[in-house]
Amino acid sequence: MSQGVAARLRHEGVSAEALENGVAGWASVGLPMVPETVLPTRDSEGRTVWVTRGRPKVDRIACPWLIRRFVDPSAIFLFVAPSEVQGVAERFGAASFDIEVEGIVWSHRDELCTFDVMVDAFGLGGHEPLKRLAPIVRGADTGRPDLVPEAAGLLAASLGLSRMYADDLEQLEAGMLLYDAFYRWCRDATDETHNWVSHQPAKSRAKAKVRT
């Protein structure tokens, strides 16, 4: 059926491909699959809705990046005053994240930051680039920039972005590119040093694909 759906979408002008051997083939080779059961209830248009404190720095940009790139590309993020997070979550059926309130699922856990918690809950812990990225985010977000060398750089870039943008959603969009770059480094550039070799990017930015 996937072949037929993809063919019909292409007929309507939509770029569509079918997975080789379908979802079963994807799972059989150990590629990540996000369990729908861990996600918040979707809205009438099929989007997950998330709410957190305004003026994001590290975790509150890293988590939306993770969700948009690996879980729900149409996810909605609401940035509000800390005192309003819970009320907004109830009013809009949103999932609260990165806020220190008892009973919140998506928040720090012991030495782990919210990004760590989400990576694990979404079943992405075995994805090598994210395994490399997680301690970078953790070090930058938990006051341990010496955890890995790259953490200090992420923290500096995050603080710079927070001063460049007064609008949280504009900052989020700028931060998406920042995390795309860190993810790509984690994926296939960790062995490269500064030199005169030129690496031409692909025509379209490579992104990991995950089945929900």
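**Entry 1: helix 3 and helix 6**

I started with a pair of helices in this predicted model. Two packed helices are described by the angle between their axes and the distance between the axes. I looked up both for helix 3, residues 59–70, and helix 6, residues 128–141. Their axes come within 10 Å. They cross at roughly 160 degrees.

What does that angle make of the pair, roughly parallel or roughly antiparallel? Angles over 145 degrees count as roughly antiparallel. Helix 3 is therefore roughly antiparallel to helix 6.

Next I listed who makes the contact. Helix 3 brings Asp-59, Ala-62, Trp-65, Leu-66 and Phe-70. Helix 6 brings Leu-130, Leu-133, Val-137 and Asp-141. I sorted these residues by type. I found 7 nonpolar, 2 charged and no polar ones.

**Entry 2: the whole chain**

I stepped back to the overall layout. I counted 8 helices and 3 strands. Then I wrote down their order from the N terminus: α-α-β-α-β-α-β-α-α-α-α. The run opens with two helices and ends with four.

I checked the overall size as well. The C-alpha atoms fill a box of roughly 55 × 50 × 30 Å along the principal axes. How does the radius of gyration agree with that of a compact globule? For 212 residues, such a globule would have a value near 17 Å. The protein has 18 Å, so the value agrees.

I looked at burial and surface next. Of the 212 residues, 40% count as buried. The accessible surface comes to about 12400 Å². Carbon and sulfur atoms hold 53% of that surface.

Last for this entry, I looked at contacts along the chain. I took the contacts with a separation of 6 or more. Residues 24 or more positions apart account for 64% of them.

**Entry 3: Pro-56 and Asp-168**

I picked Pro-56, which sits in the loop between strand 1 (49–53) and helix 3. Is Pro-56 buried or exposed? Its relative accessibility is 0%, so Pro-56 counts as buried.

I then listed its contacts, leaving out residues up to four places away in sequence. Pro-56 touches Ile-61, Phe-79, Ser-162, Asp-168 and Gln-171. I also took one distance. Ala-156 is 100 residues away along the chain, and its C-alpha atom is 14 Å from that of Pro-56.

I followed the contact to Asp-168. Asp-168 lies in helix 8, residues 168–188. Its relative accessibility is 13%, and under 20% means buried. Asp-168 therefore counts as buried, although it is a charged residue by type. With the sequence neighbours up to four places away left out, Asp-168 touches Gly-54, Arg-55, Pro-56 and Phe-79. Phe-79 is on the list for Asp-168, and Phe-79 is also on the list for Pro-56.

**Entry 4: two residues with positive phi**

I looked at Asn-21 in the loop between helix 1 (2–11) and helix 2 (22–28). Its phi is near 65 degrees. That is a positive value in a residue other than glycine. Asn-21 has 65% relative accessibility, so Asn-21 counts as exposed.

I then turned to Asp-110. Where is Asp-110? I found it in the loop between strand 3 (95–96) and helix 5 (114–121). Asp-110 has a positive phi of about 55 degrees and is not a glycine. Its relative accessible area is 79%, so Asp-110 is exposed.

**Entry 5: two residues of helix 7**

I finished on helix 7, residues 149–164. Leu-155 lies in this helix. Its relative accessible area is 24%, which means Leu-155 is partly exposed. Leaving aside neighbours within four places in sequence, I found Leu-155 in contact with Val-58 and Ala-140. I also noted Ala-189, 34 residues from Leu-155 in sequence. Their C-alpha atoms are 20 Å apart in space.

Gly-160 is also found in helix 7. Its relative accessibility is 27%, so Gly-160 counts as partly exposed. I paired Gly-160 with Pro-35, 125 residues apart in sequence. From C-alpha to C-alpha, Gly-160 and Pro-35 are 35 Å apart.

Conventions:
Residues are numbered from 1 along each chain as its sequence is written. This is a predicted model: local features need pLDDT of at least 70, side-chain atom pairs count only at pLDDT 80 or more; totals for chains, interfaces and linings use all residues. Side-chain values use heavy atoms; hydrogens and water are left out. Axes are lines fitted to C-alpha atoms, for helices over the stretch in contact, and angles run from 0 to 180 degrees between N-to-C directions. Angles under 35 degrees count as roughly parallel, over 145 as roughly antiparallel, 65 to 115 as roughly perpendicular and the rest as oblique. Contact means heavy atoms within 4.5 Å. The radius of gyration is taken over C-alpha atoms; the globule rule is 2.2 Å times the number of residues to the power 0.38. Buried means under 20% relative accessible area, exposed over 50%, partly exposed in between (1.4 Å probe, protein chains only). Accessible areas come from the Shrake-Rupley method with a 1.4 Å probe; for residues, only the protein chains shown count as cover.
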